[in-house]
Amino acid sequence: MSRSGALLLVLALALSIALCCAAWAQEGQAPEPQPTAESVAAQPTAQPEATAEPLPEPASDQTDMLGEPLEPTEQTEQVEIEGFVDRSVDPSLRRPYYPLLVILVFSLMTILPFISGMIEVLNPRDEYPLPVKMSYSKDPRYLGKSARRIFVKALGERINEEGMQKVRMSKEELVEVSRSKHVPAGEQIEHAMYVPGDLVAKEKINFEKDIYVTGDATVGPESRLRAIACDGRLELGANCRISRWADCEQQVQIGEGCVLGISCSSLNEIHLGDKIVFRRLYGYKITTPDYHNSEPHLETRSPQRERIDPMNIKTIKDVATVLDGDISIASAADIDHDLIVRGDLAFGEKVMMRGSARAYGFIEVGKGTVVLGDLFAEGPIKLCQGAEVLGHVFSQESVVAEEGARMGAAGTIKSVIGKKAITLGKNVAAHGYVLTEGKGIVRCEESS
């Protein structure tokens, strides 16, 4: 709000108060009219402040049958009430400031939210904007780190005492402390576990509480886990199911048909089997079955483009080429600028795109095409066989990466986001985040 706007609001408030006070004063000087017969008759006869006068007696010429004068009959007494005014008789006597009071209250309620702003405008205290840490980002391993802190704090000095410990976490919990734990097949574990060593669990085991392993963890096929934090390597057998999350500081190997819950994160590599279902993945490198190490090198493929002086940028057309309608780019083309397409965008085979592209529809990246920048689409994004995108990939719909597709590059942290779905084929690699709010799945050609 500007300074002039604040002053106008203050003047409007002062004017409303002045009008209300003037109307109130005028009403207080209005003369009080005398009571009428109807208003007096409607009032009770016994009032401590009222004075009653009887009506005149009947005429003396009224006589009975014997000629005697009649006794006066009882008549209704008229009562004069001091200070009583019937305002229903004359509308001009009603209080005239009620509408002004409504206006005043409305004005106050309208201005009240702006009072702090007006004070800041008239007497500013914040000369500079609030500091914002632009490099801040949410820690993708927050759940695992938080669970580790909770285990260590809850166990306290008893962290090295083997056996069952009753501790206070979010509530009273039983925690089993065991070094190099071996769990036989088919067990039902109903308590939390802290293993300062390695964990080896056979098949068909149900872990109903959280697990923290400081060494390596191996879980057999068809097991069920709630959440697991592992400081070493983590290996899950086929058809395991995680209901919440898994976090690991070393390499993660996921067997075929596993369900990874809400999140699976690692400081190292995550190797996914076929038919894996996920929602959020984070790792230095995320790969699918039959992966071959043929990663693009960022330093050799980084775009060599002329820098644009920000002072020369007036519209979006100064930094990108804006095209209307559906666009198809011929095979083997070389593009050295950004593209904004108000429609669908299709790249041919073996195209070199040295910038970023945004489409209002879908984007299809042909076989062997390399995009050195980012891809943004309102519709689906499809990376055909052998396509490479060194930047971020974001779609409001879905992302499909076919066999041999590469997203990101070694030494970088990029994001692959498909809001509704992500499908990864075999021999696919991504670096950093792979996120979806819907369903993510690894589906090789042989799988249904």
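**Local environments, aromatic pairs, cysteines and the largest pocket**

Thr369 is placed in the loop that runs between strand E26 (363-365) and strand E27 (370-371). The structure described here is a predicted model. With a relative accessible area of 0%, Thr369 is buried, since burial is assigned under 20%. The side chain of Thr369 comes to 2.6 Å from the backbone oxygen of Gly348. When residues up to four places away in sequence are not counted, Thr369 touches Phe347, Gly348, Glu349, Lys350 and Val351, together with Gly386, Ala387 and Glu388. Gly348 thus appears both as the partner of the Thr369 side chain and among the residues that Thr369 touches.

A second buried position is Ala320, which belongs to strand E19 (residues 320-324). The relative accessibility of Ala320 is 10%, and the residue therefore counts as buried. Apart from neighbours within four places in sequence, Ala320 is in contact with Asp338 and Ile340. Between Ala320 and Ser356 the C-alpha to C-alpha distance is 9.0 Å, with a separation of 36 residues in sequence.

Aromatic rings were examined next. A pair of aromatic rings is described by two quantities, the distance of the centres and the angle of the planes. The structure holds 3 aromatic pairs. In one of them, the ring centres of Phe151 and Tyr212 are 6.0 Å apart and the planes stand at 55°, so the pair is classed as tilted. This pair links distant parts of the chain, with Phe151 in helix H5 (residues 142-155) and Tyr212 in strand E10 (residues 211-213), 61 residues apart. Both partners are buried: the relative accessible area of Phe151 is 3%, and the relative accessibility of Tyr212 is 8%. Tyr212 also forms a tilted aromatic pair with Tyr194, for which the centre to centre distance is 5.4 Å and the angle between the planes is 50°. Here too distant parts of the chain are linked, as Tyr194 lies in strand E7 (residues 192-195) and Tyr212 in strand E10, 18 residues apart. Tyr194 has a relative accessibility of 7% and so counts as buried. Through these ring pairs, Phe151, Tyr194 and Tyr212 are joined into a cluster.

The cysteines were considered with respect to disulfides, of which the structure holds 0. For Cys258, the closest cysteine sulfur is that of Cys240, at 4.7 Å; this is too far for a bond, because a disulfide requires sulfur atoms within 2.5 Å. Cys258 counts as buried, at 0% relative accessibility. Cys264 is likewise in no disulfide, and the nearest cysteine sulfur, in Cys248, is 8.3 Å away. At 2% relative accessibility, Cys264 counts as buried.

Finally, empty space in the model was analysed. Rolling a probe the size of a water molecule over the atoms shows where such space is left. The largest pocket has a volume of about 310 Å³. Its lining comprises 15 residues, and those nearest the centre of the pocket are Ile150, Ser170, Asp210, Arg226 and Arg244. Two elements, H5 and strand E14 (241-248), each give two or more residues to the lining of the largest pocket. H5 supplies the largest share of this lining, 5 residues. Helix H5 is also the element that contains Phe151, the partner of Tyr212 in an aromatic pair.

Notes: Residues numbered from 1 in each chain as written. Predicted model: local features only at pLDDT ≥ 70, side-chain atom pairs only at ≥ 80, totals over all residues. Heavy atoms only, no water. Helix = DSSP H or I, 4+ residues; strand = E, 2+ residues; numbered from the N terminus. Buried < 20%, exposed > 50% of the residue type's maximum accessible area, 1.4 Å probe, protein only. Contact = heavy atoms within 4.5 Å. Phe/Tyr/Trp six-rings, centres within 6.5 Å; stacked < 30°, edge-to-face > 60°. Polar contact = N/O pair within 3.5 Å; in protein donor to acceptor, adjacent residues only side chain to side chain. 1 Å grid on protein atoms, 1.4 Å probe; cavity = no way out; pocket = protein on both sides within 12 Å on 5 of 7 lines; lining within 4 Å. Points joined across faces, edges and corners; volume = space filled by probe spheres on them.
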